[in-house]
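Here is a friendly walk through one protein chain, from its outline down to single residues. Please keep the viewer open as you read.

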Amino acid sequence: NGADIRFKDNGANIGVFSNSSSNFVITSGVQDADIIFKGDDNGSAITALTLDMSEAGAATFNSSIASGQITITQTHPTVFLQTSGGTTNDAAYLQKYNNDLYLYNKESAGSLVLGTNNGAKVTINSSGNATFAGTISSGAITSSGTITGAQDFKATGNNMKLHAGGNHIINMDLNGKFYPQTHNAVDLGHSSTLAFRNLYLS
């Protein structure tokens, strides 16, 4: 009448099927012993699922998980992607931390690749250098280092503006006119020992 089914081996309680407030409960009766689900896949014995009781019930699935939605409820919910036999030290992970979302590749020489249409579109290497496969459309771009372009630099507005030290120095308009921002404030060339070689005028 206790509604328990007990599995024993030489008196040792191995596992229990029980009823708890109409809930069907499966309990592993040995400390740190796993609960393992096995089956037959087209004639081959498989371990479909292992619940590791020494790791607070961590679940290891042999194959894919099909679900409409997976919800992770933690203070800082994290999804780890790691190779079989690997550790979280060489994994990639997605984490929600406070108001921020982090996407990391922890491999020391690994890159982070974002893609669409089955192709890489943005690649960030382990040094933090980013390579874009297409055009970058942006408002203001601030750089503390060197910006290198393999092709032309183009301005979609009426003027291309060059700044140095936070100051607006030079303009080039859509008609090709090249002029300083402030009248009589900019030299063409640097000095008598660092000057342009030729100047062609029509």
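The report below starts with the overall build, moves on to strand pairs and turns, and ends with a few residues.

## Overall build

Please bear in mind that this is a predicted model. The protein has 15 strands and 0 helices. Its radius of gyration is 32 Å, well over the 17 Å that the globule rule gives for 202 residues, so the protein is more spread out than a compact globule. The box that holds its C-alpha atoms, taken along the principal axes, is roughly 105 × 40 × 35 Å.

How much of the protein is buried? Buried residues are 8% of the 202. The accessible surface of the protein is about 17,200 Å², and carbon and sulfur atoms supply 50% of that area.

The contacts add to this picture. If you take the contacts in the protein with a separation of 6 or more, 0% of them link residues 24 or more positions apart. A pair of residues gives a feel for the distances: asparagine 23 and valine 113 lie 90 residues apart in sequence, and their C-alpha atoms are 46 Å apart in space.

## Strand pairs and their turns

In general, the strands of a sheet pair through backbone hydrogen bonds, in a parallel or an antiparallel way. Four pairs from this protein are set side by side here, each with one facing pair of residues where the strands meet.

| Strand pair | Sense | Bridges | A facing pair |
|---|---|---|---|
| S1 (residues 5-9) and S2 (residues 12-20) | antiparallel | 5 bridges | arginine 6 and valine 16 |
| S2 and S3 | antiparallel | 6 bridges | serine 20 and asparagine 23 |
| S4 (residues 35-41) and S5 (residues 44-52) | antiparallel | 7 bridges | aspartate 41 and serine 44 |
| S13 and S14 (residues 167-173) | antiparallel | 6 bridges | methionine 160 and methionine 172 |

Now for the turns. S1 and S2 form a hairpin with 2 residues between the strands, and asparagine 10 there has a positive phi near 55°. The hairpin of S2 and S3 also has 2 residues between its strands, with serine 21 at a positive phi near 55°. In the hairpin of S4 and S5, 2 residues lie between the strands, and asparagine 42 in the turn shows a positive phi of about 55°.

As background, most residues other than glycine have a negative phi. Serine 21 is not a glycine, yet its phi is positive, at about 55°. You will find serine 21 in the loop between S2 and S3. Is serine 21 buried or exposed? With a relative accessible area of 69%, serine 21 is exposed.

Further along the chain, asparagine 118 sits in the loop between strand S10 (112-116) and strand S11 (119-124). Asparagine 118 is another residue other than glycine with a positive phi, near 60°. Its relative accessibility is 84%, so asparagine 118 counts as exposed.

## A sheet of three strands

Let us turn to S13, S14 and S15. These 3 strands make an open sheet in the order S13-S14-S15, with antiparallel pairing. Strand S13 (159-164) and strand S15 (178-180) are at the edges with a single partner strand each, so one side of each has no neighbour in the sheet. From one strand to the next, the twist averages 25°.

## Two residues within strands

Asparagine 23 belongs to strand S3 (residues 23-28). Because its relative accessibility is 48%, asparagine 23 counts as partly exposed. It is the residue that serine 20 stands opposite.

Glutamine 95 lies in strand S8 (residues 92-97). Its relative accessibility is 17%, and since buried means under 20%, glutamine 95 counts as buried. Which residue does the side chain of glutamine 95 meet in a polar contact? The partner is the side chain of threonine 78, at 2.9 Å. Leaving aside neighbours within four places in sequence, glutamine 95 is in contact with His76, Pro77, Thr78, Asp100, Leu101 and Tyr102.

Key: Residues are numbered from 1 along each chain as its sequence is written. This is a predicted model: local features need pLDDT of at least 70, side-chain atom pairs count only at pLDDT 80 or more; totals for chains, interfaces and linings use all residues. Side-chain values use heavy atoms; hydrogens and water are left out. Two strands pair if DSSP finds at least two bridges between them. Helices (H or I, at least four residues) and strands (E, at least two) are DSSP runs, numbered from the N terminus. Axes are lines fitted to C-alpha atoms, for helices over the stretch in contact, and angles run from 0 to 180 degrees between N-to-C directions. Buried means under 20% relative accessible area, exposed over 50%, partly exposed in between (1.4 Å probe, protein chains only). A polar contact is a pair of N or O atoms within 3.5 Å; within protein, one must be able to donate a hydrogen and the other to accept it, and residues adjacent in sequence count only if both atoms are side-chain atoms. Contact means heavy atoms within 4.5 Å. The radius of gyration is taken over C-alpha atoms; the globule rule is 2.2 Å times the number of residues to the power 0.38. Accessible areas come from the Shrake-Rupley method with a 1.4 Å probe; for residues, only the protein chains shown count as cover.
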